[in-house]
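Ready for a few exercises on reading a structure residue by residue? Have a look at the model below, then try each task before you read its solution.

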Amino acid sequence: MKRLLAFTLGFLAAIGGFLDVGDLVANSVSGARFGMSLAWAVPVGVVGVMLFTEMSTRVTVVTGRSTFDLVRERLGARAGLVNLLACYLATLLTLAANIGGIALALELASSLHYLLWVPVAAFLSWLVIWRMPFQRMERTYGLLGVTLLVFSVAVWRLGPDWEALLDSATSFAPPPTEQWSTWWFYAVLVLGAAMTPYTVLFFSSSAAEEGWTTDDLREARTNILIGFPFGGFLALSIMACAAILLHPAGVSVHGLDQVALPAAVALGKVGLILAVVGFFASTFGASLEVGLAAGYSIAQYFGWPWGKAAPPVRAARFHTVTLLGFVAATALILTTVDPIKVTEVSVILSAATLPLTYLPVLVVANDRGYLGDRVNGRATNVLASVYLVFMLALALAAIPLLILTKGGQ
């Protein structure tokens, strides 16, 4: 019974904890602008992140060593450093975006300007990392994030033309008034939001934090294989809400208030409250994951003692690097740069660095010296290779599309 409860909580946490501010913004902006024509990008991204998250988690559980530690040892210090820098820069920008997302959610709840909430959001995030036990931290925000199911209910309450919605989802082309380059820019945005590097790093590191063994691999795979697709279902619900209500009215998404609008129209104050709670939970949870992931990456590469539960006296450099990550991300948002723009740039940068992050994981996952008979199977390698080619194309296109479309304008 205890094991069943643990699985249920882990499963729900995987659903609620899947989304961050990048997913909220990318899916709502895409739905408002292109209808459901970019719906295909969500399942493609979800399958990719599931594939490499399972791989990275298996590596950590079987070897008992962190991913970055093995990447540095297997590929050499220079290649490991390139992998580290690409992952850390994208992760730090994602942390700034999520701190801005927390502040925007609190602005919606309080009507106080978001800049007043930025230091509060960063301090609370760091305090929770510092004081709350790992499993309770992970499941609290994950379960609160399930309130985003309000968008799935809102889709039904808005009473869409289901046939038109399905036609839009299978059109695979931009509306006549939009350019292909802009459509592809937002496709990269949706894919990048679903496949952020920190997700893989955090999930595998949490396996070490929670002391998983090979006996726990089945539970971990179940959470990944069921929880992540349900998280993708929430992302599609947000996109559908925007496609049903905002797209026909020509409303653009410039903040979380427009993202919440369909829930408020469909379900009134209850819908708005649930949406705001979901925004806060998903962005706050993501800031914890990203903040830790930033510290994990540095500490694991240099071989320092690391771990949220590790006493500061034993893992001083890990805790210091984690704290400095929050300071740098907070300073960026306090420059008054638009948090939504930071979110979009962080997602595009994540997309541009995907091969540098995911290729080393694939290499290590095929090394029998580390994993023995638990290396990747042939089907996994074929699918992962297809994804790597796809990610390379995304990486090459991401920055040129950002410049060519002026950030999707």
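The exercises below work on this predicted model, each with a worked solution.

**Exercise 1. Classify the ring pair of Tyr296 and Trp306.**

Solution. Start with the two quantities that matter. A pair of aromatic rings is described by the distance of the centres and the angle of the planes. Here the ring centres of Tyr296 and Trp306 are 5.1 Å apart, and the planes meet at 75 degrees. Rings pair if their centres lie within 6.5 Å, and an angle over 60 degrees counts as edge-to-face. The pair of Tyr296 and Trp306 is therefore edge-to-face.

Next, place the two partners along the chain. Tyr296 belongs to helix α13 (residues 256-302), whereas Trp306 is in the loop between α13 and α14 (316-333), and 10 residues separate them. Finally, check the cover: Tyr296 has 0% relative accessibility, so it counts as buried.

**Exercise 2. Describe the surroundings of Arg72, beginning with its helix and ending with the ring under its charged end.**

Solution. Step one is location: Arg72 is part of helix α4 (residues 67-75). Step two is exposure. With 25% relative accessibility, Arg72 counts as partly exposed.

Step three is contacts. Leaving out residues up to four places away in sequence, Arg72 touches Ala77, Tyr301, Phe302 and Gly303. One of these contacts deserves a second look: the charged end of Arg72 sits over the ring of Tyr301, 5.9 Å from its centre. For this kind of geometry the cut-off is 6 Å.

Step four follows the aromatic neighbours. Tyr301 is buried, because its relative accessible area is 7%. Phe302, at 45%, is partly exposed.

As a check on distance, consider Thr222, which is 150 residues from Arg72 along the chain; the C-alpha atoms of Arg72 and Thr222 are 29 Å apart.

**Exercise 3. Work through three salt bridges: Glu178 with Arg33, Arg65 with Glu73, and Lys341 with Glu344.**

Solution. The structure holds six salt bridges, and we take these three in turn.

- Glu178 and Arg33 meet at 3.0 Å, N to O. Glu178 is in the loop between α9 (162-169) and α10 (180-194), while Arg33 is in helix α2 (residues 21-34), so this bridge ties together parts 145 residues apart in sequence. Glu178 is buried at 18% relative accessibility, and Arg33 is partly exposed at 24%.
- Arg65 and Glu73 meet at 2.8 Å, N to O. Arg65 is partly exposed, with 27% relative accessibility, and Glu73 is partly exposed too, with a relative accessible area of 43%.
- Lys341 and Glu344 have their closest N and O atoms 3.5 Å apart. Both lie in helix α15 (residues 339-352), three residues apart, about one turn of the helix. To see what that spacing implies, recall that an α-helix has 3.6 residues a turn, so residues three or four places apart point the same way. As for cover, Lys341 is partly exposed at 38%, whereas Glu344 is buried at 7%.

A last step looks at shared partners: salt bridges join Glu54, Arg58 and Arg221 into one network.

**Exercise 4. Find what covers the buried residues of helix α8, and show where Ser237 makes contact.**

Solution. First list the residues. In helix α8 (residues 150-157), the buried ones are Val150, Phe151, Ser152, Ala154 and Val155. Their cover includes α9, α12 and α13.

Now approach from the other side. Ser237 is in helix α12, and at 5% relative accessibility Ser237 counts as buried. Apart from its neighbours within four places in sequence, Ser237 is in contact with Phe151, Ser152 and Val155. Just after α8, Gly159 adopts a positive phi of about 60 degrees.

**Exercise 5. Which residues make the nonpolar surface patch of about 440 Å², and is Phe233 buried or exposed, or in between?**

Solution. The patch is made by Leu149, Leu225, Ile226, Phe230 and Phe233. Phe233 lies in helix α12 (residues 217-249). With 41% relative accessibility, Phe233 counts as partly exposed.

Methods. Residues numbered from 1 in each chain as written. Predicted model: local features only at pLDDT ≥ 70, side-chain atom pairs only at ≥ 80, totals over all residues. Heavy atoms only, no water. Patch = residues over 30% accessible without salt bridge, like charges linked within 9 Å, V, L, I, M, F, W, Y side chains within 5 Å. Areas by Shrake-Rupley, 256 points an atom, 1.4 Å probe, with all protein chains shown as cover. Salt bridge = Lys/Arg side-chain N within 4 Å of Asp/Glu carboxyl O. Helix = DSSP H or I, 4+ residues; strand = E, 2+ residues; numbered from the N terminus. Buried < 20%, exposed > 50% of the residue type's maximum accessible area, 1.4 Å probe, protein only. Phe/Tyr/Trp six-rings, centres within 6.5 Å; stacked < 30°, edge-to-face > 60°. Lys NZ or Arg CZ within 6 Å of the ring centre and 35° of its normal. Contact = heavy atoms within 4.5 Å.
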